[in-house]
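Work through the exercises below with the sequence and the structure side by side, and try each task before reading its solution.

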Amino acid sequence: MEERLMSKKKPAYPINADLGTYLKDYNRTIKIPVFYDDLLRFSGCISVYDSNDEDTLWVRVYYEEHERPEIDSSLKKVYTTLHSDGNEDAMEFLSVDAIDYCTFGNSKPFRIKIRNILNDNYIYFYVKKTDASRVYGLELEHLFSPNRINFLIYKNTLIEEHIAGIPGDIFIRDFLPELPDQAKSQIAKEFVKFNERCQMRLLGDMRSYNYVIIPTHDFDHVQYKIRAIDFDQQSYEGKLKVYQPQFFKENFEMVALVMAKLQPSSVEQYKKEERSVQAKRMLSSRNRSKSLIKCMVKDTISTEENLQVLREQLYDFTLDLKFRRCKSMGEVLKTGLDFVKRNYENLSMNR
């Protein structure tokens, strides 16, 4: 099914001058001592297996002895820049335990494991190639989702924090079947909201391995949240279904859960709640979101063919003629967000 929905390969788009200025204005750019291309100079690798001895599609890389000290030092400086504004006082207590390279997907990231040798606590971050659509996806996640996200850019290198949680495919396979009915109902509700959020944001390809489930223990139960972890497919594909997680076969168990646990009226209620929350977030970050969308409107982050397909499908979906006049994917997103905000403001006035 994905082959019919998704393009075979999405190209990387450069960061133009307007987006570069935006990122500098909002402290997303900083000089870092290592580039993505530097990490590609590994001399060998071994496969990484999970606890069930299954191939994770990551490989652990290693470097020539004379290069490793400089690489380790640079990565520790990146960690301090990402998490403590570059304060290097604790660098002597940090260890680069692993550098893993992903052989699957578009972004081909490096995953860096940094450990504090004093207490054995560790944290991950990622080094990727810069891609404008991915950067827009990260920034939109920061502004318009319930979550904040930390990332930095320097020239052609993107440093991205790790988002903790249980990968959706593993959660569906290993945890979901054993949950009580109340938890399943709550997860169904969260999936409806997540589906609506991705559609409004034009965040595509949310197959189960591209989001995580985050359990949080409350007084007498566990709350579950769904959070995207892959932003490569921001406003690129032409088919509207790509932006609706419900249409990927990897999510069919979640869709079945929604159908089993929620009445149609409840599904509609949760969609309205998510649209309302989205509109409030847009209003609360008005200046910054306006600046970002202005960059997107003038940018090229997809093909003309995808643009034509998406604007027609969104017109069919909303009957809003403004979609047919859109000349860029950024303008499509702006029109969709304006549609949500306009409906919210109309409802507020009629209360």
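**Exercise 1: Cysteines**

At 7% relative accessibility, is cysteine 295 buried or exposed, and how far is its sulfur from the closest cysteine sulfur?

Solution. In this predicted model, cysteine 295 counts as buried, because its relative accessibility of 7% is under 20%. The closest cysteine sulfur belongs to cysteine 326 and lies 17 Å away, which is too far for a bond, since a disulfide needs the two sulfur atoms within 2.5 Å. Cysteine 102 is buried as well, with a relative accessible area of 7%, and its sulfur is 12 Å from that of cysteine 45, again too far for a bond. The structure holds zero disulfides.

**Exercise 2: The span of a helix**

Work out what span helix H4 (residues 68-84) should have, and compare it with the distance between its end C-alpha atoms.

Solution. Helix H4 has 17 residues, and at 1.5 Å a residue they should span 24 Å. The end C-alpha atoms of H4 are 23 Å apart, which agrees with that expectation. Just after H4, aspartate 85 takes a positive phi of about 55°.

**Exercise 3: The sheet and its helix**

Find the order of the seven strands in the open sheet, and state which strands H4 touches.

Solution. The strands follow the order S1-S2-S3-S4-S5-S7-S6, with antiparallel pairing. Strand S1 (44-49) and S6 stand at the edges with a single partner strand each, so one side of each is left without a neighbour in the sheet. Neighbouring strands are turned by 30° against each other on average, direction ignored. H4 packs on this sheet, touching S3, S4, S5, S6 and S7, and its direction makes about 95° with that of S3. Among the buried residues of H4 are Ile71, Leu75 and Val78.

Terms used
Residues numbered from 1 in each chain as written. Predicted model: local features only at pLDDT ≥ 70, side-chain atom pairs only at ≥ 80, totals over all residues. Heavy atoms only, no water. Buried < 20%, exposed > 50% of the residue type's maximum accessible area, 1.4 Å probe, protein only. Helix = DSSP H or I, 4+ residues; strand = E, 2+ residues; numbered from the N terminus. Expected span 1.5 Å × (residues − 1). Pairing = 2+ DSSP bridges. Axes fitted to C-alpha atoms, helices over the stretch in contact; angles between N-to-C directions. Contact = heavy atoms within 4.5 Å.
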